[in-house]
Amino acid sequence: FGQSLALSDDGNRLVVSAPFYVSLQDNNNSCAVYVYQYAIGGWETLGDVIVGPQTQSTWSTLFVLYSYQKNVAISGDGSTIAVGYTVYTSTIASCGAIDVYYYDSDSDSWTPRGLRFSGDRAAAYVGYAFALNYHGTIIAFAANQGTESAYSNIGIVQVYRYDSSSSTWSKRGQSLVGYASNDRFGLDIALNSAGTILLTCGLGAWNSDKSNAGYFALFVYSVE
């Protein structure tokens, strides 16, 4: 409990991950997310516990999950959360995944917002880093070991915007990529409240003569 956490802008809503969660219903290992609302006198649980994909019931698997971290993010207004499963495997090994939820006050529950994001190749590790804008309608995330053309582990960052009329996410702008192999571009990501300015970083070097010096890059979204 507490592997990753995030606060809303006013500090009254808190999201916390529990990567070693064990379901009381079937005793299976999984990971979970708790959301709390601050009220006079203390913190109260907001909605149900969000349980992530089931993992194998072995300590080695749990160690891998722990070492790659379960990341969480919350929108500035506290209405939306994102949960990352870095070593999530569907039909592709360790492609990674991100789920987005919004809070439905009528049912006091966290409801999925659109479909799950997942990597399109093995060991992409989608879900290692991501960020939401203030209203939770824009998400930026990285496949920081993604591969582009001949460059392995270069890192790829993508931005999506949620369309409430169709309940789907659509890509915003082009994919942003690192500069060379093993950059792992997108190790961390930040968005401004409007979702129009993105800051990210990589392990490589802006100049080829400074190996592994590290760098950051800032991007501004514009509509021509």
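Welcome to this predicted model. It holds one salt bridge, and that is a good place to start looking around.

**The salt bridge**

The two partners are Asp99 and Arg116, whose closest N and O atoms are 2.8 Å apart. This pair ties together distant parts of the chain: Asp99 belongs to strand 8, while Arg116 sits in the loop between strand 9 and strand 10, 17 residues apart. Is Asp99 buried or exposed? With a relative accessibility of 8%, Asp99 counts as buried, because the cut-off for that class is under 20%. Arg116, on the other hand, counts as partly exposed at 37% relative accessibility.

**The chain as a whole**

Let us step back for a moment. The protein chain contains one helix and 18 strands. It has 224 residues, and 47% of them count as buried. About 11500 Å² of the chain is exposed, with carbon and sulfur atoms supplying 50% of that area. Among the contacts with a separation of 6 or more, 45% are made by residues 24 or more positions apart.

**Strand 8 and its partners**

Strand 8, home of Asp99, deserves a longer visit. Six of its eight residues are buried, so strand 8 is largely enclosed by the rest of the structure. Which strands pair with strand 8? Strand 7 does so in the antiparallel sense, over six bridges. Within that pairing, Gly84 has Ile98 of strand 8 as its bridge partner.

Strand 9 (residues 109-112) also pairs with strand 8 in the antiparallel sense, here over four bridges. In this pairing Tyr101 stands opposite Pro112 of strand 9. Strand 8 and strand 9 make a hairpin with four residues between them, and Asp108 in its turn has a positive phi of about 50°.

Strand 10 (residues 117-118) runs antiparallel to strand 8 as well, and two bridges join them. Here the bridge partner of Ile98 is Phe117 in strand 10.

**A second hairpin**

Further along the chain comes strand 11 (residues 126-132). Why is strand 11 described as largely enclosed by the rest of the structure? The reason is that six of its seven residues are buried. Strand 11 pairs with strand 12 (residues 138-143) in the antiparallel sense, through four bridges, and Phe130 stands opposite Phe141 in strand 12. These two strands form a hairpin with five residues between them, where Gly136 in the turn has a positive phi of about 75°.

The antiparallel pairings met so far can be set side by side.

| Strands | Bridges | Example of facing residues |
|---|---|---|
| Strand 7 and strand 8 | six bridges | Gly84 and Ile98 |
| Strand 8 and strand 9 | four bridges | Tyr101 and Pro112 |
| Strand 8 and strand 10 | two bridges | Ile98 and Phe117 |
| Strand 11 and strand 12 | four bridges | Phe130 and Phe141 |

**The nonpolar cores**

Now for the inside. The largest nonpolar core has 16 residues, and those with the most contacts inside it are Val15, Val33, Ile81, Val83, Tyr101 and Trp110. Strand 3 (32-39), strand 6 (72-74), strand 7 (80-85) and strand 8 (97-104) are the elements that give two or more residues to this core. Another core lies apart from it, with 15 residues that include Ala82, Ile98, Ile139 and Ala143.

Which residues does Val15 touch, leaving aside its neighbours within four places in sequence? They are Ser4, Leu5, Ala6, Val33, Tyr34, Val35, Val72, Ala73, Ile74 and Ile81.

Val16 is found in strand 2 (residues 13-18). Val16 is buried, with a relative accessible area of 4%. The C-alpha atoms of Val16 and Ala73 are separated by 9.2 Å, although the two residues are 57 residues apart along the chain.

**A nonpolar patch on the surface**

Finally, look at the outside. Ile197, Leu199, Phe216, Leu218 and Val220 make a nonpolar surface patch of about 490 Å². Strand 17 (197-202) and strand 18 (215-220) each supply at least two residues of the patch. Which strand gives the most to it? Strand 18 does, with three residues. Leu199 is found in strand 17, and at 36% relative accessibility Leu199 counts as partly exposed.

Technical notes: Residues are numbered from 1 along each chain as its sequence is written. This is a predicted model: local features need pLDDT of at least 70, side-chain atom pairs count only at pLDDT 80 or more; totals for chains, interfaces and linings use all residues. Side-chain values use heavy atoms; hydrogens and water are left out. A nonpolar core is a set of buried Ala, Val, Leu, Ile, Met, Phe, Trp, Tyr and Cys residues joined through side-chain atoms within 4.5 Å. Buried means under 20% relative accessible area, exposed over 50%, partly exposed in between (1.4 Å probe, protein chains only). Contact means heavy atoms within 4.5 Å. Patches are made of residues with over 30% relative accessible area and no salt bridge: like charges are joined within 9 Å, nonpolar side chains (Val, Leu, Ile, Met, Phe, Trp, Tyr) within 5 Å. Accessible areas come from the Shrake-Rupley method with a 1.4 Å probe; for residues, only the protein chains shown count as cover. A salt bridge is a side-chain nitrogen of Lys or Arg within 4 Å of a carboxyl oxygen of Asp or Glu. Two strands pair if DSSP finds at least two bridges between them.
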